[in-house]
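Student: Please put the chain on the screen, and then I will ask about its fold, its interior and its record.

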Amino acid sequence: PTTEKCFLGLVIGCVGWILTMATAGYNEWRLWYIEDVSVVTSGVAWVGVWRVCFYSHTLPDSESCQPIGIADPFVPVEISVAQVVIMVAVITGLLGNILGAYAVRNIYFGQKTHDFIRLMFSGAGGLYVLTGVSFLVPLAWNVKSVLTNQTVAFPPEFHLPPAPLRQEVGGAIWMGVGASIFLIFGGLLFLCYRYVIRASGENDKDPLHEPPIRLKSILENGDKETRDNPAFQAEEDF
């Protein structure tokens, strides 16, 4: 049914939006394998969008995790783009959730016209699809940087070399891909919304679809017709 599909689209879109925020906060966008383990004890550094972290037995925790600002000169373009897109995606995804929830609410309570509800679903679906597709751009860009082993000129306080031995795609990338898929699928369910219009005359045969005043009239007339029925009068006389 159309109503259940719209509710499913809202749930899927909300899950995709939550995964988008989780992806933003997850550090494992890139896994850098370091040869010198004197400082980076684990030999692996987690390069995220907002910070870089690693395990170290020689440094305090405050120095083993460094933030990455959007205005930092050493930040590569793909990470700066990811920071901007993530902030925009969180806002557009939230607006999609609001419009979608409002449209689903009006399906159940019927407080707005069908055209208005369809417009709300189209807006929410468009925002979901826009968020999902745009979020794929920085994800794909960072994957390309990992596969081509691109360098990052980290400042000395990061205690990381400009180029690792090798890089791997981190779990945050795959989480982001899943978030995009959820958002796009939820948006398509919204965009496919069509209000089911009953055939003309269908409700006339079903008194339960009549307004309360009309239903009362039907019941009274039906009771009168029953009492005027000769068979009913004969049964009463008996």
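Student: How many helices and strands are in the protein?

Tutor: This is a predicted model, in which local features need pLDDT of at least 70, side-chain atom pairs count only at pLDDT 80 or more, and totals for chains, interfaces and linings use all residues. Residues are numbered from 1 along each chain as its sequence is written, and side-chain values use heavy atoms, with hydrogens and water left out. Helices (H or I, at least four residues) and strands (E, at least two) are DSSP runs, numbered from the N terminus. From the N terminus on, the order is α-β-β-β-β-α-α-β-α-α-α, and the count is 6 helices and 5 strands.

Student: Which element gives the most residues to the largest nonpolar core?

Tutor: A nonpolar core is a set of buried Ala, Val, Leu, Ile, Met, Phe, Trp, Tyr and Cys residues joined through side-chain atoms within 4.5 Å; buried means under 20% relative accessible area, exposed over 50%, partly exposed in between (1.4 Å probe, protein chains only). The largest core has 27 residues, and Trp29, Trp32, Val52, Phe154 and Leu160 have the most contacts inside it. Strand S2 (44-47), strand S3 (51-54), helix H2 (77-109), helix H3 (114-147) and helix H4 (171-191) each give two or more residues to this core. The most, 4 residues, come from H2.

Student: How many residues are in the second, separate core?

Tutor: Cys6, Ala103, Val104 and Tyr193 are among its members. The number of residues in this second core is 12.

Student: What is the relative accessible area of Asn149?

Tutor: Asn149 is found in the loop between H3 and strand S5 (166-169). Its phi is positive, about 55°, although Asn149 is not a glycine. Asn149 is partly exposed, with a relative accessible area of 29%.

Student: And what is the relative accessible area of His159?

Tutor: His159 is placed in the loop between H3 and S5. His159 is not a glycine, yet has a positive phi of about 60°. His159 is partly exposed, and its relative accessible area is 32%.

Student: How far apart are the end C-alpha atoms of residues 116-141?

Tutor: An unreviewed UniProt entry places the feature "transmembrane region" at residues 7-26, 81-104, 116-141 and 172-196. UniProt positions are given in the numbering used here, feature names are shortened, and annotations may be inferred rather than shown by experiment. Residues 7-26 are 95% helix and 0% strand, with end C-alpha atoms 29 Å apart. Residues 116-141 are 100% helix and 0% strand, and their end C-alpha atoms are apart by 38 Å.
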